Amino acid sequence: MATKDMKLKEKRHLKRFYYSVDQAIEKPFNWKQIWRLIVYLKPYTRTYLLGAILAMVVSTAIRLAIPLLIGKAAFDTAIKNEDTTLLINLVIIIGVLYLISYIANYLRIKWVNLLGQNVIYDLRQHLFTHVQGLSNNFFDSRSAGSILVRIMNDTNSLQDLFSNGIINLLMDIATLIGIVTILFTLSPKLAIAVLVILPLMFYISTVLRRKIRRTWQEVRIQQSRMNSHLNESIQGIRITQSFTQEKENTEFFDGLNTDNYNAWINATKKSAMFRPFVEMSNAVGTVILIAYGAHLIILGPSNGGIELGTFIAFAFFLGMFWDPISRLGQMYNQLLVAMASSERIFEYLDEKPNVDEVENPYEFKEMKGHIEFDKVQFSYDQDRIALHEISLEMKSGQTIALVGHTGSGKSTIANLISRFYDPTQGQVKIDGQNLRETSLKSLRQHISVVLQDTFIFSGTIMENIRFGRPDASDEEVIEAAKTVGADDFISRLAKGYQTEVEERGNILSAGERQLLSFARALLANPSIIILDEATASIDTETELKIQGALRRLLKGRTSIIIAHRLSTIREADNIYVLEHGKILENGSHDELMESKGEYYELVRSQFQMLDAI
Amino acid sequence: MDTFRKLKEFYWPYRKYFFWSLFFLFFVTVITVVYPIILQITIDEVVAKEKYELIPWIATVFFVLMLIKGIATFYHQFLGERFGVVTVYKLRDALYKKLQILSFKYYDNAKTGDIMSRLTSDVEGFRFFLSFGFAELIRIILLIGISLSVMFYYSVPLTLVTMAAMPFLIIVVMRFEKVAHPAFRGIRKSFGKLNTRVQENISGMQTVKSLSREDFEIGRFSNSNDDYRKNYISTSELWAKFFPLMEFIGNVCAVALLAFGGYLVIAGNLALGELMAFFSLVWYIMGPLMNVGYVINMFSQAKASGERLREILEEHEDIIVKENAVKDHIEGHVTFKDVTLTYTKDDDSALKNISFDAPPGKTIGLIGSTGSGKTSVTQLITRFYEPESGEVLVDGRPVKEYDLKTLRNHIGFVLQESFLFSTSIRENIAYGNPDATDEQIIEAAKRAQAHDFIMEMPKGYDTLLGERGMGLSGGQKQRIAIARAICVDPSILVLDDATSAVDMETEFQIQKALKEVMKGRTSFIIAHRISSLKHADEILVLENGKVVERGTHDELLRKENGAYKRIYDIQYQDHDAIMNSVN
């Protein structure tokens with residue numbers, strides 16, 4: 001018993017991490033989805049699609065005609081009858097046909113790719129634009145990686161279907177029908193005998209290939225798990241070394257690596273069977289051709305047999321069977337994957353934003369920033385009410401602070417002002433206008449939110465500040481940076497405003513990032529500004545430096561400050577103390593301290609905590 | 001070839017797979033060329049001379065040969081793949097092991113994305129060449145050689161006429177390889193850009209929404225999306241130009257074959273079956289030739305990949321454990337004697353002549369602005385870096401003399417960004433001590449004030465964390481990180497800015513937890529808030545890598561205009577007024 005426990009303990013680290021895989025595998029065929037996809041082809045049906053189909057028809061016809069010309073005309077007639085003129089003519093005709101086929105192929109490849117790329121461009125553009133309009137809770141409930149995979153990889157996996165897929169499907173069906181027709185015309189008997197291999201080929205290209213695909217899926221899943229771990233192990237290397245888990249992790253990784261190895265070996269073993277099967281089925285066809293074909297030649301055309309040229313044409317066509325059948329099988333598998341990808345794409349496209357716009361919404365040309373809440377009630381889901389009949393007024397140019405514990409409703413109020421949600425009951429008005437009737441874009445253009453975490457986009461500092469207002473000139477950007485006091489540290493950098501920064505880089509400190517976000521907000525020149533815990537992650541000395549910048553930023557705007565720290569809110573014109581979605585009291589810092597109510601208790605308990613530690 | 005020689009240890013032990021694969025390849029190639037010969041015999045010997053009794057024999061021979069070819073194809077492919085897969089398995093293990101060992105210094109300058117691309121695409125490029133590329137090169141040479149010999153055997157003049165277009169094909173193929181690769185790189189690069197654009201947009205979504213810059217973002221996305229489309233279409237223009245051209249050249253050969261071959265047959269210098277065989281043989285030469293550029297390119301890619309993998313494998317290891325390293329229990333007496341640390345030459349030193357003494361059980365507080373060197377102090381105790389001069393002693397012995405595992409096992413770390421792994425809460429707490437029992441894990445969580453909120457979750461300690469797992473608040477993550485540090489029962493505890501990112505109430509909770517935890521351990525607290533370190537036995541105030549003030553909280557407050565006093569005044573500005581008004 002004891003040894004068994006020991007063994008279990010020893011093995012524990014071999015299962016220490018858990019990685020789930022978010023990948024499109026395959027889904028059953030679904031006509032509805034196919035129709036939704038086909039809609040994206042519409043703009044190009046009369047141009048690229050039509051052109052590609054025409055080019056395809058021409059080159060397929062030539063491909064089918066040439067074996068006939070060589071077999072029947074050249075071998076059976078010209079060479080047999082020693083007719084040199086006919087041979088020369090045939091050579092010229094075949095040469096010209098090849099030239100036409102060359103041009104047709106050129107056009108086909110070109111148009112097919114134009115078609116595919118334009119469709120994928122449109123689809124991706126549609127998806128991205130749609131996702132931009134979705135609400136915060138869409139992004140909160142999904143990891144960045146999983147959204148990225150849908151916009152990039154799932155759309156890309158449809159690329160081949162839209163470019164080569166459709167045209168190849170048509171081409172392959174046309175080729176197969178063409179070959180079978182020709183073979184039957186030449187010699188029905190030999191055709192039936194040789195076509196025995198067709199079902200075998202279909203079986204290999206669908207069922208066997210399907211089994212092989214499954215094994216490769218397993219490889220991809222293993223690889224994706226391994227990559228997740230590699231990524232995490234690099235990012236967490238400092239923790240690993242701090243806790244000296246290098247050896248244990250190496251052993252864990254060896255497990256992943258072994259699983260991956262086994263999946264590979266299994267997949268390659270199955271894959272290696274594919275070609276032999278294909279060739280064997282071809283061989284069966286050829287054996288039939290040699291045996292039965294030779295027999296028919298001996299009989300001679302007059303006795304229901306064939307000529308040598310027919311035999312040669314059969315030999316050519318037999319070699320042409322495999323490609324289209326193989327591609328059709330591949331196409332079928334590709335469609336199943338496309339089903340999975342498109343389902344995931346449509347799932348996002350069917351996602352609705354939280355708020356709808358009315359027809360002909362009110363456009364804010366200018367905004368004074370007078371905010372009113374009239375008996376506003378709000379709940380995120382049905383049984384949890386976040387705000388209870390809140391009524392309040394924020395006058396233009398005032399600074400208002402919202403205080404309260406987590407879940408008291410502070411952020412909900414901010415979200416309703418930006419109209420990320422509509423109230424369940426009551427009205428939110430800005431400048432007397434009910435927000436339900438306003439256009440989202442014009443409303444949010446006049447509102448800026450400064451967050452605790454400032455996201456730095458990769459690019460120069462200049463570009464990062466200009467994010468607040470993309471059409472701002474360099475001078476305006478520098479002016480904004482000067483106003484909030486960011487110009488000092490930017491100028492000290494070797495490349496100044498042209499310094500390249502990125503989210504994970506360490507060129508900027510937390511305080512400097514915050515100043516950049518102030519400059520961004522200032523440049524946007526909003527009428528209403530919301531500071532959501534904006535200074536929470538800054539150390540004391542930096543905070544002191546930022547105070548002045550903050551004052552300049554808020555000047556002349558309606559400002560809503562959400563904060564835990566009291567130092568940031570004591571200067572507010574009006575402080576609302578919230579609890580469980582209700583307003584407990586409001587007033588200025590001095591008034592509230594005087595009345596010794598909830599606010600006073602809040603302030604006192606914070607200091608008591610500090611002293612108690 | 002140098003790269004391949006240096007990486008020999010990974011693939012040479014498995015050479016038998018490779019050589020057997022080549023052995024089977026030989027059969028595959030020879031039998032391939034037999035097919036047109038059988039066709040020729042059927043026409044010339046059987047049909048023309050009416051020796052029909054040969055038909056069953058020919059059919060049987062053909063079928064048996066194809067059967068052998070089928071089996072040989074399977075083993076050739078499978079063994080070749082296996083050679084690559086097993087090599088890469090060994091290579092990955094070695095790379096991972098190396099990456100675990102490389103010091104902080106390496107990771108300071110390395111980018112995760114770059115390392116990842118080496119571990120994924122470069123490893124894959126290397127595998128592909130071993131599995132497929134090298135054998136493919138040999139196959140091409142064999143197939144062309146044998147096919148040409150057979151053709152020459154049938155008819156020298158016809159072979160020369162047919163192959164007249166071959167030099168043109170080679171020129172076209174080489175030209176294509178030359179232009180195709182920059183074009184493919186262009187596609188990959190522009191796809192990468194598009195990917196980055198979308199990734200940034202999603203990660204920075206809050207910022208985008210807060211300034212309502214969605215339209216601007218859609219505009220930027222459209223540009224990248226269009227750039228990718230343009231790149232792709234201009235590359236497909238290359239396919240459209242070259243692939244039909246290659247096929248056309250091949251077809252010209254076929255036309256030349258028909259013309260001259262037909263003439264030879266009519267003139268009686270060539271058998272009809274031989275002409276038929278030529279039609280197949282021509283494509284055995286053209287097909288591989290169209291591929292040769294691809295294989296050559298694959299070779300140079302594999303070489304470059306191997307080079308990048310070697311860079312990791314041969315990276316210098318700068319933290320080396322001495323032989324006969326000490327593995328004794330550590331009490332936690334930490335002493336710094338005139339320690340100077342410089343991360344990169346030419347840069348200003350991060351620490352300048354730091355000295356202090358922390359007897360077991362004492363608490364040292366470190367305060368100072370970002371970049372003042374607080375974190376560097378703690379990273380020297382664990383020997384994540386080596387000091388340039390001076391001595392770092394633990395229990396009176398230089399850290400260099402300890403076994404790294406022993407040293408670090410006695411030190412518990414809690415960092416500002418509490419990195420948690422994708423696994424259950426239980427495994428995260430047990431991370432530093434995989435042998436911990438459930439009781440020990442729960443005990444650690446209780447002491448870190450984490451047990452209650454963990455039990456409130458539906459799955460308790462089995463709750464999965466990570467990207468797809470449950471979201472935890474900053475304070476909750478931090479408390480799990482503290483539990484993780486306690487679980488190894490360290491003699492020395494390092495709290496690097498552990499509470500700066502949480503709100504006041506959570507900080508209060510955590511501080512309470514920490515006070516309990518620090519009992520009996522030598523502790524280093526790095527903090528911005530005075531409240532976090534005012535009880536320390538000694539507080540060091542750092543500025544630009546130097547200690548500018550030191551002493552207890554009360555001593556430091558007595559220094560008028562001192563750096564510590566200045567921070568205190570800001571943080572406690574309302575304190576007295578309010579606390580007095582209570583009374």
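Modeller: Let's start with a ground rule: two strands count as paired if DSSP finds at least two bridges between them. Keep in mind, too, that this is a predicted model.

Colleague: Fine. What makes strand 4 and strand 5 of chain B a pair?

Modeller: The pairing needs at least two bridges, and strand 4 and strand 5 (residues 397–398) of chain B have two, in the antiparallel sense. In one of them, B:Leu393 has B:Pro398 in strand 5 as its bridge partner. The two strands form a hairpin with two residues between them, and B:Asp395 in the turn has a positive phi of about 50°.

Colleague: How do you know that strand 1 and strand 4 of chain B are paired, and in which sense?

Modeller: Again, set the count against the cut-off of at least two bridges. Strand 1 (residues 334–341) and strand 4 (residues 389–394) of chain B share five bridges, in the antiparallel sense. B:Phe336 stands opposite B:Val392 of strand 4 there, and B:Thr335 has B:Leu393 of strand 4 as its bridge partner.

Colleague: What else does strand 1 of chain B pair with?

Modeller: Strand 1 of chain B is joined by five bridges to strand 2 (residues 351–358), and those two run antiparallel. B:Thr335 turns up here as well, opposite B:Asp357 in strand 2. Put together, four strands of chain B form an open, antiparallel sheet in the order 2-1-4-5.

Colleague: Why are strand 2 and strand 5 of chain B said to stand at the edges?

Modeller: Strand 2 and strand 5 of chain B each have a single partner strand, so one side of each has no neighbour in the sheet.

Colleague: On to the helices. Why are helix 8 and helix 10 of chain B called roughly antiparallel?

Modeller: Helix 8 (residues 166–203) and helix 10 (residues 214–267) of chain B pack at an angle of about 165°, with their axes 9 Å apart. The label calls for an angle over 145 degrees, so helix 8 of chain B is roughly antiparallel to helix 10. By class, their contact has 21 nonpolar, seven polar and five charged residues. Helix 8 passes helix 10 of chain B in a left-handed crossing.

Colleague: And how do you know which way helix 4 and helix 6 of chain B run relative to each other?

Modeller: The axes of helix 4 (residues 55–101) and helix 6 (residues 112–154) of chain B come within 8 Å and cross at roughly 155°. With the cut-off being over 145 degrees, helix 4 and helix 6 of chain B are therefore roughly antiparallel too. Helix 4 passes helix 6 of chain B in a right-handed crossing.

Colleague: Now chain A. What makes you say that chain A is more spread out than a compact globule?

Modeller: Chain A has 20 helices and 12 strands. Its radius of gyration is 36 Å, whereas the globule rule gives 25 Å for 613 residues; the value is well over the rule, so chain A is more spread out than a compact globule. The C-alpha atoms of chain A fill a box of roughly 120 × 75 × 55 Å along the principal axes, and 42% of its 613 residues count as buried.

Colleague: Which strands of chain A stand at the edges of the six-stranded sheet, and why?

Modeller: The sheet is open, has mixed pairing and follows the order 6-9-10-3-11-12 in chain A. Strand 6 (447–450) and strand 12 (582–587) of chain A are the edge strands, because each has a single partner strand and so one side without a neighbour in the sheet. From one strand to the next, the twist averages 20°. Inside the order, strand 9 (residues 528–532) and strand 10 (residues 558–562) of chain A pair in the parallel sense over five bridges, and A:Ile528 has A:Thr558 in strand 10 as its bridge partner.

Colleague: Last one: why is A:Lys189 called partly exposed?

Modeller: A:Lys189 sits in helix 7 (residues 188–194) of chain A. Buried would take 20 or more other C-beta atoms within 10 Å, and exposed 12 or fewer. A:Lys189 has 15, so A:Lys189 is partly exposed. The C-alpha atom of A:Lys189 is also separated by 54 Å from that of A:Val149, 40 residues apart along the chain.

Technical notes. Residues are numbered from 1 along each chain as its sequence is written. Chains are lettered from A and ligands numbered from 1 in the order in which they are written. This is a predicted model: local features need pLDDT of at least 70, side-chain atom pairs count only at pLDDT 80 or more; totals for chains, interfaces and linings use all residues. Axes are lines fitted to C-alpha atoms, for helices over the stretch in contact, and angles run from 0 to 180 degrees between N-to-C directions. Angles under 35 degrees count as roughly parallel, over 145 as roughly antiparallel, 65 to 115 as roughly perpendicular and the rest as oblique. A crossing is left-handed if the near helix is turned anticlockwise from the far one by less than a right angle, and right-handed if clockwise. Ala, Val, Leu, Ile, Met, Phe, Trp, Tyr, Cys and Pro count as nonpolar, Asp, Glu, Lys and Arg as charged, and the others, Gly among them, as polar. The radius of gyration is taken over C-alpha atoms; the globule rule is 2.2 Å times the number of residues to the power 0.38.
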